[in-house]
Amino acid sequence: MNHDLDSTIQRQLAAAQNIVIVGHIRPDGDVIGSMLGLAHALRTDNRRVTCVLQDGMPEKYVFLPGASEVLTSVPPNYDYLIVVDSSDIQRTGQVLEGLPPANLVIDHHRTHDDFGLIEYVLPEVEATALILTRSIPSWGLTITKEAATCLLTGILSDTIGFRTGSTRPAALRAAADLMEHGADFHDVYQRTLSDKTIAEARYWGQGLTKIQQSDAILWSTLSLHDRILSRYQGNDDADLINLLSAIKGSLVTVLFVEQEDGIVKVSWRSVEGVDVSALARDFGGGGHMAAAGAEINGSLQDIQERVIHKTKRYLEALRLSGLKENLDD
Ligand code: 5GP
Ligand code: MN
């Protein structure tokens with residue numbers, strides 16, 4: 001922790017009266033838990049805090065305290081702007097267009113591009129919610145029971161219940177602390193990682209029938225038609241990527257999710273030693289070593305061919321450098 005930076009942030013937060021916290025599009029548990037958790041910690045001092053997600057609150061996370069107050073655009077007359085869990089400004093959608101730079105950006109992505117006045121970026125930390133679990137007390141704020149519930153959601157979401165290769169002991173200790181602050185571990189775990197709706201199960205079914213595997217890559221697609229057939233209301237993959245990446249025998253897993261605006265959302269997952277964040281960045285996206293994504297313009301078929309081709313070439317280059325033999329052992 002950088003004490004000078006922490007005391008600057010503490011001073012700025014103490015002086016702010018009307019704070020806006022913005023997260024990224026296609027929001028996941030980490031961005032939602034971070035945004036709401038920080039909002040709860042800041043609200044204890046009678047500040048006005050507004051949370052903004054361009055895509056609104058996904059049904060899955062409406063159980064979180066404060067979820068019903070999330071807006072889809074930035075209100076006027078705020079005096080302090082915070083962006084959480086977003087590797088670049090495009091990730092927030094259009095909600096920040098025409099506004100002055102954010103006062104504080106808190107993130108944990110390897111591919112982070114600076115866009116705020118203060119950049120609080122720790123790429124080695126497993127979740128933005130974990131950064132906040134440590135920082136909130138060092139900024140003179142209190143982790144309430146509501147904040148603890150939200151922050152635990154973020155940590156469990158980005159570590160997929162402590163099973164990613166990035167998970168270190170401090171993440172488990174932080175989760176234990178959050179339980180002691182009043183978070184219901186079982187309930188949060190269940191809702192964040194286990195519970196599925198029948199529509200999600202049908203949507204998964206569509207994706208599972210289209211699995212392909214070749215050259216150490218496993219992939220599948222979810223089309224707009226699949227969404228309609230399964231009556232799935234979201235615009236994401238309903239976490240199907242986590243199921244696909246659990247299938248043994250591949251180094252990289254890729255999922256293509258067709259979007260309404262002629263865009264395809266691509267998700268990559270990889271085994272330890274294979275960095276997919278660089279691949280995602282080549283397609284205009286970003287992320288972490290083992291989990292990355294991008295939004296690419298084009299048809300599902302076209303993007304699929306381009307991405308699989310490039311992913312194959314990338315693995316080929318790794319094989320040539322001798323890494324894949326080690327990975328195959
Ligand atoms: P997912 O594939 O689950 O959407 O995301 C995996 C990781 O990649 C997350 O850390 C997420 O923030 C990042 N990511 C996903 N999509 C994009 C994107 O379009 N742009 C950037 N910069 N990062 C993304
Ligand atoms: Mn995150």
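A polar contact is a pair of N or O atoms within 3.5 Å; within protein, one must be able to donate a hydrogen and the other to accept it, and residues adjacent in sequence count only if both atoms are side-chain atoms. The model is predicted: local features need pLDDT of at least 70, side-chain atom pairs count only at pLDDT 80 or more, and totals for chains, interfaces and linings use all residues. Residues are numbered from 1 along each chain as its sequence is written, chains are lettered from A and ligands numbered from 1 in the order written, and side-chain values use heavy atoms, without hydrogens and water.

**Exercise 1. Find the polar partners of ligand 1.**

Step 1. List the surroundings. Ligand 1 has 16 residues around it (a heavy atom within 4 Å). The closest are Ser87, His109, Lys265, Ser267 and Arg269.

Step 2. Check a side chain. An N or O atom in the side chain of Arg91 lies 3.2 Å from an oxygen atom of ligand 1.

Step 3. Check the backbone. Gly293 places a backbone N or O atom 3.2 Å from an oxygen of ligand 1. A polar backbone atom of Gly286 is 3.3 Å from a ligand 1 nitrogen.

Step 4. Work out the cover. Alone, ligand 1 exposes 480 Å², and the protein buries 87% of that (Shrake-Rupley method, 1.4 Å probe).

**Exercise 2. Describe how domain 1 meets domain 2.**

Step 1. Set the bounds. Domain 1 spans 3-194 and domain 2 spans 199-321, from an automatic or database assignment. Their C-alpha centres are 26 Å apart.

Step 2. Count the contact (heavy atoms within 4.5 Å). Domain 1 gives twelve residues and domain 2 gives 14.

Step 3. Take the buried area (accessible area, 1.4 Å probe, lost on being put together, summed over both parts). The two domains bury about 1200 Å², 41% of it on carbon and sulfur atoms. In domain 1, Arg26, Arg110 and Thr111 lose the most, together 54% of that side's share.

Step 4. Count salt bridges (Lys or Arg side-chain nitrogen within 4 Å of an Asp or Glu carboxyl oxygen). Four link the domains.
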